[in-house]
Amino acid sequence: MHAARSRTLAVLALIPSLLISATAAPGAVRAGAAPDPPHAATAPGSTPRTLAPTPPMGFNNWNAFGCDVSETLIRETADVLVSSGLADAGYEYVNIDDCWSLRERGPDGRLVPDPVKFPNGIAGLADYVHGKGLKLGIYGDAGTATCAGYPGSLGHEMIDAQTWADWGVDYLKYDNCNNQGDGSQQDFVRRYTAMREALDATGRPIVYAICEWGQSQPWTWAADVGDLWRTTGDISDNWASLRSIIAQNAALAPYAGPGNWNDPDMLEIGNGGMSDLEYRTHMSMWAMMAAPLLIGTDLRTATPETLAILGNRDIIAIDQDRLGVQGAVVSDQGGLMVLDKPLAGGDRAIALYNSTDALATVSIPVRETGLRRAGAYRLRDVWTGQVTQAESVISAGVPAHGTVVYRVRPLADPAAVPPQVAVGGTLGNLIPGGLGDGTLVGTVTNRGVGALRDVRVTVSAPGGWTVDAIGDTRRRSLDSNASLKTTWTVRVPEQTTAGRYPIVVTADYRWGPRQRTTSTASTVVSVVITPPGPGRRHLSTVAPVSTGNREGPVETDQSNGGGADNDGNLITISGRVYHRGLGTTAPSELVYLLGGACTRLVTDVGIDDGSTSGTAPVTFTVYVDDTAVASSGPVSLGAAPVTLTADLTGALWLRLVTTGGDGGTGGAAHADWAAPILSCGDAGPDDPVLPTERTIYSFESGTEEFTVANPGSGGTVAQTSTFHTEGSHGLTVSTPKDGNWFGRTFAEPLDLSGADRLRFDARAGGLGTVGEIAVQVGPDFAWCQGGLWTWINPHASRTVTEEVSDLSCPAGVTLDLSQVRAVWIFLNGGGEVHVDNVRAEYPE
Ligand code: GLA
């Protein structure tokens with residue numbers, strides 16, 4: 001045990017990202033206070049800084065490789081940039097991120113490149129990169145240590161800038177971890193200006209990328225300091241991250257211009273966590289937002305599709321347009337956004353972006369854009385190359401998560417150009433076996449000049465499905481800006497499994513003086529829902545057929561916070577904390593398909609302790625089909641949870657309804673269904689609840705030897721009864737500001753085979769924290785960590801989740817979950833954090 005512990009610590013000392021300061025929390029601060037008028041980029045009479053007249057383009061290793069950076073990687077990437085043609089397309093900077101130096105400065109006080117990773121030093125590498133006609137970037141930090149714990153430049157600005165200049169570095173990304181600051185804007189200005197002055201003093205032109213995650217609103221102060229500034233927390237390779245970053249960065253258009261770019265972070269294109277359609281949205285929106293284009297994938301193994309997205313010259317031309325204007329948001333409704341970007345020469349790029357989960361027709365009248373008035377417009381789709389003409393509205397059927405980008409200009413003679421036709425469609429959820437046929441409504445709109453002739457709409461669905469038209473599907477003539485609406489019944493065969501299925505709506509038509517025939521198609525995604533399988537399971541893991549809520553989305557395993565997804569806290573009713581349940585705002589209704597398969601629902605209900613605006617009593621009622629089978633009666637804020645039990649035998653539908661909650665108080669009451677458990681099939685009351693969990697630390701018998709991994713870095717733990725999500729106790733951790741790992745090694749290896757997630761519940765004190773989970777496995781206690789962390793706001797609570805598939809172990813080690821030697825959680829911020837229920841979760 002003792003030997004194991006010291007080995008643990010030896011391993012830990014090598015682990016990056018131990019030193020994440022409280023302010024390092026991505027997403028902690030939301031960009032977007034009301035914009036002031038933009039600053040002039042330079043004072044009158046002074047020489048403009050022209051190092052980045054258009055947004056920088058290049059590569060950075062962080063998104064694909066993290067700390068695993070080396071001379072070989074950078075050289076090979078430079079080679080591929082040239083051989084693939086990407087360099088010719090404009091990708092110029094090859095940037096090294098964190099972890100390139102030794103842990104200690106040299107005797108002369110200078111940063112020292114890690115000689116194993118960079119045998120020829122940074123200077124040698126710079127020569128190589130310059131020899132390829134490219135430029136080299138490096139990474140530093142405006143704090144005492146970088147985010148991964150390497151030496152920071154705070155207080156060493158002059159010597160570090162000079163070192164980089166001496167090496168021939170052309171670009172500096174300057175990060176914000178361990179910044180020792182007080183969080184004030186003056187502090188950010190001071191730290192980032194110190195490096196500006198140091199770079200200037202070297203006399204070498206070095207692009208300066210400020211990377212403080214938008215925390216001090218650099219767009220309001222950094223125009224004369226940096227060439228670009230990050231506006232958000234770190235991007236990750238998933239749709240939720242992309243969507244949220246677009247929403248934050250799009251609002252900052254007025255602040256961008258030549259030499260002053262908003263930086264919504266590096267590209268994830270090619271990294272595998274999103275579809276190519278989502279990656280095209282990534283590229284499209286970065287170009288529309290005049291964002292830096294820094295490739296973040298392994299170019300040596302990139303697919304042709306990835307290279308085609310990154311190398312699309314038409315989209316790059318929009319990003320790099322010499323006017324240097326970030327596209328303005330000209331419409332933003334219900335998740336559909338339109339951006340308008342003026343281009344040199346008078347064209348405009350118009351992007352139709354659909355962030356919703358269903359096909360949508362996204363439209364903008366030309367008069368709401370900056371295009372000058374004309375009788376017709378030429379639209380060139382920069383992804384398909386297709387050219388169409390529109391009369392007065394720019395519009396398209398845009399798939400879920402997709403973006404259509406047109407390069408638009410006035411068109412004198414539209415007669416020979418095919419008309420722009422928008423095909424849209426809506427379809428509710430489908431249930432197999434005649435229980436829930438769907439109604440598909442297709443809409444075909446002619447946006448071109450001149451009528452369409454002989455319009456014919458057809459729908460194609462997967463094999464075995466039936467699709468029947470209700471009413472007309474043809475029209476002899478469809479005028480400019482007129483629509484043809486068609487209606488269809490869609491029936492799914494009995495044995496269809498739950499999932500998302502494509503249904504294609506196609507319009508065929510003739511147009512123009514020569515009556516040419518063309519067709520336009522869009523894909524409606526249909527969602528097939530089936531009754532839950534046998535067993536007891538958390539209702540929060542069952543997809544509802546429909547939800548209705550007074551305010552914001554119905555939240556899963558948390559209370560309703562505000563209008564956004566995933567912005568609540570752990571469900572808390574009269575002090576009792578639950579890690580499962582559904583957070584609604586009354587009045588609300590959730591409908592589930594049971595299909596006669598289920599027997600029982602047991603749930604606690606109550607008003608969430610976080611319900612500060614809506615405080616009027618709420619009634620919770622469980623309906624099977626149309627009969628109320630259990631009701632709480634009016635429940636008030638602060639009242640203890642009420643337990644409801646409902647017999648569901650034979651029911652086709654389950655409805656959970658809340659009413660009241662708004663009796664004159666103005667706000668919506670946050671009404672929680674806490675830990676609802678649904679029994680189906682022959683499930684007995686003692687069957688395990690799915691998805692099954694195994695508790696690793698419950699803190700019921702004390703601190704359970706839970707301790708700090710690096711004693712030198714500080715932190716203490718104590719058992720508590722004030723916070724727990726199971727049993728009657730949890731743990732209070734007093735965290736050091738720069739954080740520590742907490743946990744313990746096990747006397748015997750723990751077998752967690754088959755688990756797909758590791759989780760714990762936490763409530764932060766007044767300073768907030770990040771939460772992360774790592775494990776040690778095998779005889780060598782190999783350290784496996786995910787690199788992603790979850791930020792918990794001050795006084796907020798959350799379940800922190802680490803997907804096992806996201807854990808990565810050192811080279812040569814496979815993650816053997818049957819041999820888990822330790823489970824650690826990371827906390828920081830310098831305040832108190834309560835935690836409980838560190839557990840493994842198993843898939844169904
Ligand atoms: C921060 C930055 C990232 C990356 C890492 C490196 O999180 O925002 O882009 O540079 O640090 O540790």
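**Backbone oddities worth a look**

At 29% relative accessibility, Asn481 counts as partly exposed, since that value falls between the 20% and 50% cut-offs. Asn481 also has a positive phi, about 65°, although it is not a glycine. This is a predicted model, so please read the angles below as computed from it. As background, most residues other than glycine have a negative phi, and most peptide bonds are trans. Here are some places to visit in the structure.

**Positive phi outside glycine**

- To find Asn481, go to the loop between strand S21 (474-478) and strand S22 (483-491).
- Phe699, another residue other than glycine, has a positive phi near 60°.
- Look for Phe699 in the loop between S39 and strand S40 (707-708); the range of strand S39 is 693-697.
- Is Phe699 buried or exposed? Phe699 counts as buried because its relative accessibility is 0%, and buried means under 20%.

**Cis peptide bonds**

- Ala586 and Pro587 are joined by a cis peptide bond, with omega at about 0°.
- Pro587 sits in the loop that runs between strand S30 (581-585) and strand S31 (588-593).
- Which proline follows Leu690 through a cis peptide bond? That residue is Pro691, and omega for the bond is near -10°.
- Pro691 belongs to the loop between strand S38 (689-690) and strand S39 (693-697).

How values were computed
Residues numbered from 1 in each chain as written. Predicted model: local features only at pLDDT ≥ 70, side-chain atom pairs only at ≥ 80, totals over all residues. Heavy atoms only, no water. Helix = DSSP H or I, 4+ residues; strand = E, 2+ residues; numbered from the N terminus. Buried < 20%, exposed > 50% of the residue type's maximum accessible area, 1.4 Å probe, protein only.
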